[in-house]
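Q: Could you walk me through this structure, taking it piece by piece?

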Amino acid sequence: MSGNDQDDPSSSSEKVSSKLFGNWRQAHTVGYLWDNTASGLILSTTTFLNLAILRLATVAAGCPGNPEDDDENCTKSVYGLKPESVLTAVATAGQLVGAFLTPFAGAICDYTSKRRIVGAISGWILALCTLIQAGLHAKTWFIMALLQIFAIASYVIHQAMVLSYLPGLSRLDDTGVLDDPDVRYRVNACSVITAFGANLSSYIFFGAIFVFSGIGIVNIVNLVQGVIGVVVSLIYFFIWHPDNGYKGAFIHIPPLKHIHPIKLIESCSGISIIALKEIRASYILLYFDFPDVGRFLCGYAIANAAASSFATLAVVFLSQYLNFDETKTLYVIAQVLIISLPAGAYGVKLMARFSPKKSFSKYCWCFCSINNARFFCHPSNGS
């Protein structure tokens with residue numbers, strides 16, 4: 001019964017109608033979708049921020065700011081790292097910190113009633129980091145890059161808190177069914193669509209301002225981080241405070257509810273010990289009892305790692321190895337985001353025609369073939 005709001009028995013029959021997100025049995029489903037919208041907006045800032053940090057790091061290293069220029073006397077080093085290595089080091093550090101804290105976040109969700117508090121704190125840290133990064137310029141770029149470590153880690157923790165609400169959004173207590181898979185799949189699909197829609201819309205909007213205004217990559221980052229930071233702060237304010245929420249003519253943002261723990265803490269056991277025990281128990285369960293699930297989760301972890309690092313590695317590859325300027329880089333990444341819409345729809349048709357396992361196998365072969373083909377492509381031979 002993970003995610004059930006047991007201190008509010010009337011919540012199972014509470015319905016909410018949102019002109020933006022449709023009708024739902026659980027009122028806080030709309031709050032859940034709004035949080036995914038905020039996540040999509042945050043993700044849309046990553047490419048702009050990476051481009052600006054790379055430009056400022058390159059200049060700080062004594063290199064020309066324009067990737068198309070060449071300077072044989074360029075030191076190509078800043079704080080002991082190549083300019084492009086600053087981005088990858090920050091992304092790696094942020095993901096490692098997030099991965100280290102995730103088991104503790106899971107223990108908080110299962111064994112305490114603090115998930116809403118931790119969700120609020122991690123959300124506010126993320127929003128605050130975004131707002132502070134609006135002050136990016138030549139003298140603060142390294143501090144803003146380090147701040148991205150906290151932003152990435154807080155994003156990972158925040159997502160763990162938000163996802164813990166998902167099981168409770170599909171329960172139907174009045175019919176005696178604790179969980180309705182159809183409702184759960186619908187919530188999942190809508191959350192992905194809202195996050196991706198917010199990401200793509202924000203990316204295209206600010207990308208168009210950058211291209212047609214010519215204000216420069218650093219200035220557009222100042223604008224993007226400031227606007228998105230304010231919008232995300234407002235969304236988190238309404239969602240994560242129990243006495244807040246917003247209801248207008250077109251927008252309804254209900255707060256996420258308090259949830260009791262679903263497991264009891266053993267005597268003389270703290271959250272840290274519990275988190276380590278849960279890791280061990282999960283490993284034993286997956287290795288001995290459900291090896292297929294274990295292999296699936298390993299594959300999913302690898303695929304998710306590749307997807308989460310795309311905004312950083314794409315910027316480094318396009319800028320440093322293909323010598324693309326900011327406009328070309330933004331254009332290529334926009335194409336990738338846009339083409340993923342019909343690709344997602346085609347994936348659904350593939351699974352309808354073949355089994356999910358065969359569809360996934362075909363995807364893996366296609367993905368590996370494309371990436372291996374890139375190995376033989378180099379700008380010097382015109383590929």
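**Helices and cores**

A: Let me begin with one helix pair: H1 and H9 pack with their axes 9 Å apart and at an angle of about 45°, where axes are lines fitted to C-alpha atoms, for helices over the stretch in contact, and angles run from 0 to 180 degrees between N-to-C directions. H1 and H9 are therefore oblique to each other, given that angles under 35 degrees count as roughly parallel, over 145 as roughly antiparallel, 65 to 115 as roughly perpendicular and the rest as oblique. Helices here (H or I, at least four residues) and strands (E, at least two) are DSSP runs, numbered from the N terminus.

Q: Before we go on, what kind of model is this?
A: This is a predicted model, in which local features need pLDDT of at least 70 and side-chain atom pairs count only at pLDDT 80 or more, while totals for chains, interfaces and linings use all residues. Residues are numbered from 1 along each chain as its sequence is written, and side-chain values use heavy atoms, with hydrogens and water left out.

Q: Back to H1 and H9, then: is their crossing left-handed or right-handed?
A: The crossing of H1 and H9 is right-handed; a crossing is left-handed if the near helix is turned anticlockwise from the far one by less than a right angle, and right-handed if clockwise.

Q: And which residues meet there?
A: From H1 there are Thr-46, Thr-47, Asn-50, Leu-51, Leu-54 and Thr-58, and these meet Ala-311, Thr-312, Val-315, Ser-319 and Gln-320 in H9, with contact meaning heavy atoms within 4.5 Å. By class, the contact of H1 with H9 has four nonpolar, seven polar and no charged residues, where Ala, Val, Leu, Ile, Met, Phe, Trp, Tyr, Cys and Pro count as nonpolar, Asp, Glu, Lys and Arg as charged, and the others, Gly among them, as polar.

Q: How does H1 sit against H6?
A: The axes of H1 and H6 are 9 Å apart, and the two helices pack at an angle of about 160°. That makes H1 roughly antiparallel to H6. H1 passes H6 in a left-handed crossing, and the contact of H1 with H6 divides into 21 nonpolar, three polar and two charged residues.

Q: What about H2 and H9?
A: Their axes cross at roughly 170° and come within 10 Å, which makes H2 roughly antiparallel to H9. On the H2 side the contact is made by Glu-84, Leu-87, Thr-88 and Ala-91, and on the H9 side by Thr-312, Leu-313, Val-315, Val-316 and Gln-320.

Q: OK, zooming out, how many helices and strands are there?
A: The protein chain has eleven helices and four strands. Of its 383 residues, 39% are buried, a word that means under 20% relative accessible area, with exposed over 50% and partly exposed in between (1.4 Å probe, protein chains only).

Q: Which residues touch the most others in the largest nonpolar core?
A: That core holds 61 residues, and Tyr-32, Phe-48, Leu-136, Trp-141 and Val-232 touch the most other members. Among the helices that each supply at least two residues of this core are H2 (83–111), H6 (217–240) and H10 (326–353), while the largest share, 15 residues, comes from H1. A nonpolar core is a set of buried Ala, Val, Leu, Ile, Met, Phe, Trp, Tyr and Cys residues joined through side-chain atoms within 4.5 Å.

Q: What is Trp-141 in contact with?
A: Leaving aside neighbours within four places in sequence, Trp-141 is in contact with Ile-53, Leu-56, Ala-57, Ala-60, Val-78, Tyr-79, Val-86 and Leu-136. There is also a second, separate core of six residues, including Ala-105, Ile-108, Val-118 and Met-161.

Q: Switching to H6, is Gln-225 buried or exposed?
A: Gln-225 is found in helix H6 and counts as buried, at 1% relative accessibility. Not counting residues up to four places away in sequence, Gln-225 touches Thr-45, Leu-49, Thr-130, Leu-131, Gln-133 and Ala-134.

Q: And where is Leu-223?
A: Leu-223 is in helix H6 as well, but Leu-223 is partly exposed, with a relative accessible area of 33%.

Q: Last one: what is the phi of Asn-323?
A: Asn-323 has a positive phi of about 60°, although Asn-323 is not a glycine. Most residues other than glycine have a negative phi. Asn-323 lies in the loop between H9 and H10.
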